[in-house]
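Got the viewer open? Let's take a walk through this model, one selection at a time.

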Amino acid sequence: MTSPAYIALEGLEGCGKSTHTKRLAEHLDAVMTREPGGTRIGGLLRAILADPENTDLSPRTEALLMAADRAQHMAEVIQPALARGQHVVSDRSIYSTLAYQGYGRRLGTPDLLNISTWALDGRLPDMVVFISVPTPILNERLAKRDLDRFEREGADFFTRINDGFAQLREADPERWIVIDGTAPKDDVEVAIRTAVLARLNQ
Ligand code: TMP
């Protein structure tokens, strides 16, 4: 893959995505970004989505706000960076919508795939790095921080999301790289970098 790549990191909260998005982006001299909230408009949408007071947000509204964030992100950050010849490394992507809203909120994936593909003008991530950490370890990590609206959901919600990610990976194995996120941070960083560089140089 010689052209600039759109690389997404995915996983459950507490898996280390944000740290490794930053480390990978620095290594590749890529544009580092995230969903939701990679743009000014996205930051406004993220505040609505994360606010624990917004218990009345319906699942479909939640899905559409994620798609709106994604459309802005593609237009303002991802597409221009790729056009300039830079790689893009994003903390989350369309696959979070499929896992969280599709499986977690039980909206199913076909409509969400259509809506988000439209939001992205058809430009899906070239590769997705999934940082895999068992839920008991994630729960220990989450116990140490202030929880947002999603993190306050029960264990069943996260079990459905984890199973959803597994199904998404099985359906499209070429696009996904699975990394053991329980290893020491520096080892996880090297594992991600090695796997991504191997794909970029293919
Ligand atoms: P974060 O963990 O990367 O800060 O993401 C914020 C939350 O938003 C996280 O709980 C996952 C959730 N989310 C969705 O539910 N659907 C989406 O499409 C995205 C991008 C994030």
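Before the first click, a working definition: buried means under 20% relative accessible area, exposed means over 50%, and partly exposed is in between, using a 1.4 Å probe and protein chains only. Helices (H or I, at least four residues) and strands (E, at least two) are DSSP runs, numbered from the N terminus. This is a predicted model, so to speak of local features we need pLDDT of at least 70, side-chain atom pairs count only at pLDDT 80 or more, and totals for chains, interfaces and linings use all residues. Residues are numbered from 1 along each chain as its sequence is written, and side-chain values use heavy atoms, with hydrogens and water left out.

**Stop 1: helix 5**

Select residues 110–119, which make up helix 5. Which residues does this helix bury? They are Leu112, Ser116 and Ala119. Look down the helix axis and these buried residues fall within an arc of 50 degrees, so they line one face of the helix; the arc is that of the directions from the helix axis to the C-beta atoms. Now spin to the face turned away from the buried side, where you'll find the exposed residues Pro110, Asp111, Asn114 and Trp118. Show helix 3 and helix 4 (94–104) too, as both are among what covers the buried residues of helix 5. Just past the end of helix 5, click aspartate 121, which takes a positive phi of about 55 degrees.

**Stop 2: arginine 70**

Next, pick arginine 70, in helix 3 (residues 59–84). Is arginine 70 buried or exposed? Its relative accessible area is 2%, so it counts as buried. Contact here means heavy atoms within 4.5 Å. Leaving out residues up to four places away in sequence, arginine 70 touches Glu35, Ser93, Ile94, Thr97, Ser116, Ala119 and Leu120. Two of those names, Ser116 and Ala119, you met as buried residues of helix 5.

Draw a distance from the side chain of arginine 70 to that of glutamate 35: a polar contact of 2.6 Å joins them. A polar contact is a pair of N or O atoms within 3.5 Å; within protein, one must be able to donate a hydrogen and the other to accept it, and residues adjacent in sequence count only if both atoms are side-chain atoms.

While you're at glutamate 35, check the peptide bond to proline 36: it is cis, with omega near -10 degrees. Proline 36 sits in the loop between strand 2 (31–34) and helix 2 (40–50).

**Stop 3: the ligand**

Now select the ligand. How many residues surround the ligand? There are 14, and the closest are Glu13, Arg46, Arg92, Thr97 and Gln101; a residue is near a molecule if one of its heavy atoms lies within 4 Å of it. Three side chains are worth a distance line to a ligand oxygen:

- arginine 92, with a polar side-chain atom 2.8 Å from an oxygen atom of the ligand
- arginine 70, with a polar side-chain atom 3.0 Å from an oxygen atom of the ligand
- lysine 17, with a polar side-chain atom 3.2 Å from an oxygen atom of the ligand

Taken alone, the ligand exposes 470 Å², and the protein buries 94% of that. Those areas come from the Shrake-Rupley method with a 1.4 Å probe; for residues, only the protein chains shown count as cover.

**Stop 4: glutamate 10**

Jump to strand 1 (residues 6–10) and select glutamate 10. With a relative accessible area of 0%, glutamate 10 is buried. Its side chain makes a polar contact of 2.6 Å with the side chain of serine 93. Beyond its neighbours within four places in sequence, the contacts of glutamate 10 include Lys17, Arg92, Phe165 and Trp176.

**Stop 5: the nonpolar core**

A nonpolar core is a set of buried Ala, Val, Leu, Ile, Met, Phe, Trp, Tyr and Cys residues joined through side-chain atoms within 4.5 Å. The largest one here has 53 residues, and Ile7, Tyr100, Val129, Phe165, Ile192 and Val196 have the most contacts inside it. Helix 3 supplies the largest share of this core, 8 residues. Click isoleucine 7: setting aside neighbours within four places in sequence, its contacts include Leu24, Leu28, Met127, Val129 and Val196.

**Last stop: two loops**

Aspartate 29, in the loop between helix 1 (17–28) and strand 2, has a positive phi near 55 degrees and is exposed at 60% relative accessibility. Finish on arginine 106, in the loop between helix 4 and helix 5: its phi is positive, about 65 degrees, although it is not a glycine, and at 61% relative accessibility it counts as exposed.
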